[in-house]
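Please describe the pockets of this protein model, with attention to the residues and secondary-structure elements that line them.

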Amino acid sequence: MQSSGAGSSQSFNRRQFLGTSAAALTFTILKPELVHGADANAKIDIGVIGCGGRGAWIADLLAKNGHYNVVALMDYFQDRVDEAGKKLNVPENMRFTGLSGYKRLLEQKLDAVAIETPPYFHPEQVEAAVAAGKHIYLAKPLAVDVPGCKSIAESGREATAKKLAFQVDFQTRAHPAYQEVVRRVHEGQIGKLVSIFSEYQTNLMFQGADDSVRKNPSNPEARLRAWGVDRILSGDVITEQNIHTLDVASWFVNADPVKAYGSGGRARPFVGTCWDHYAVLFFFPNNLVVNFSAKQVGYGYDDIMCRAHGTEGTAETHYSGKVWLRNREEVFNGDTRNLYVDGAILNIANFYENITKGDFSNATVAPSVRSNLTTILGRTAAYRQAEVTWDEMMKANEKWTADLKGLK
């Protein structure tokens with residue numbers, strides 16, 4: 001995907017890829033030689049749960065990294081786990097299916113797991129992986145509701161206590177250009193933050209998923225394959241996809257929002273339950289406002305952007321595009337042209353390094369929980385078309401429950 005400003009139309013790699021994919025997960029148990037990081041050349045046996053589009057792709061990247069053996073796979077659907085298994089030479093007895101297939105995978109002799117399933121399933125699978133003593137590589141978003149986010153946060157703390165690595169796969173947070181711009185903002189190089197604009201604008205997405213469900217809307221397996229248009233399985237678009245730009249915004253601010261007010265709705269005639277456009281104002285401490293908007297309809301404008309204005313300058317980021325900062329004294333320019341691929345490769349490398357070097361601080365978990373909760377605050381405000389405070393949301397602790405009847 002190339003997305004570097006107004007009018008960019010080269011958006012396929014990340015968004016359409018995610019729109020047609022299922023998710024992936026992996027779990028493993030640590031070899032004795034890895035416990036103390038003694039052997040930097042030791043390979044990690046990893047399992048992948050969720051072998052849809054992105055899951056199979058992550059499994060392939062793990063194999064290509066050279067430090068991992070992909071030895072087990074899980075997906076609800078047999079065809080997906082078999083396709084990935086044949087490509088990666090994973091034997092049939094190490095391929096698991098069904099809703100509870102991840103439990104059988106966790107029983108295997110593994111060091112780590114990569115979890116790329118629909119977000120609704122993440123909290124229970126992460127909790128089980130920590131209990132099984134596996135290092136965890138987790139796709140965003142972490143969860144679809146507040147209880148799920150709290151569960152992930154607790155699992156992160158337990159992982160650190162058990163000396164397990166827990167890596168969240170935000171591509172932006174792994175990229176040096178993003179890291180440099182945020183570092184400069186936190187150092188005060190654009191002065192006091194005044195306002196932030198956060199956008200996630202795409203052309204029509206998930207048409208294939210809608211077409212699939214429309215053919216058999218009462219089939220629970222068809223709905224599971226098309227989880228991207230199901231708001232409970234995905235968290236709705238603001239949580240499942242728009243989290244990329246809201247994560248950068250919360251990274252800049254480095255604080256919980258105080259409250260939000262929003263709106264949005266459905267313009268496309270899909271049979272799914274997700275909204276396709278949002279507009280939310282997030283109010284942060286010190287009267288800082290993040291103005292967020294997103295769409296998944298129309299044509300002609302495609303970008304994931306976050307712009308921070310300060311009293312002394314401006315910083316701006318684009319997913320797979322330019323990342324820059326300007327003030328009166330200097331200019332920083334970075335490029336993230338291949339962020340979709342490069343970010344995942346960097347995260348996979350960091351995951352291995354943390355395991356082998358014994359770094360179990362798991363620094364990506366807490367900020368990812370904050371970003372996830374920020375999207376839920378915005379979603380809640382938009383659904384109600386009313387002001388919702390952070391404290392109110394956290395106290396309500398609303399849990400989403402999916403209808404899994406008919407699934408095996």
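The report below takes the two pockets in turn, after a note on the model.

## Basis of the model

This is a predicted model, in which local features need pLDDT of at least 70 and side-chain atom pairs count only at pLDDT 80 or more, while totals for chains, interfaces and linings use all residues. Residues are numbered from 1 along each chain as its sequence is written, and side-chain values use heavy atoms, with hydrogens and water left out.

## The largest pocket

The largest pocket (an open set of points on a 1 Å grid over the protein atoms alone, where a 1.4 Å probe fits, with protein on both sides within 12 Å along at least five of seven lines) holds about 340 Å³ of space, the volume being that filled by probe spheres set on points joined across faces, edges and corners. Its lining (residues with an atom within 4 Å of a point) comprises 20 residues, and Gln167, Arg173, Asn350, Ala363 and Thr364 are the closest to the centre.

Two or more lining residues come from each of β7 (166-168), α8 (171-174), α15 (339-357) and α16 (365-384), where helices (H or I, at least four residues) and strands (E, at least two) are DSSP runs numbered from the N terminus. The largest share, 5 residues, belongs to α15. By class, the lining has 8 nonpolar, 9 polar and 3 charged residues, with Ala, Val, Leu, Ile, Met, Phe, Trp, Tyr, Cys and Pro counted as nonpolar, Asp, Glu, Lys and Arg as charged, and the others, Gly among them, as polar.

## The second largest pocket

The second largest pocket contains about 270 Å³ of space, and among its 17 lining residues Arg223, Asp230, Leu233, Thr273 and Asp403 lie nearest the centre. Both α11 (220-225) and α12 (231-234) supply at least two lining residues, with α11 giving the most, 3 residues. This lining divides into 12 nonpolar, 2 polar and 3 charged residues.
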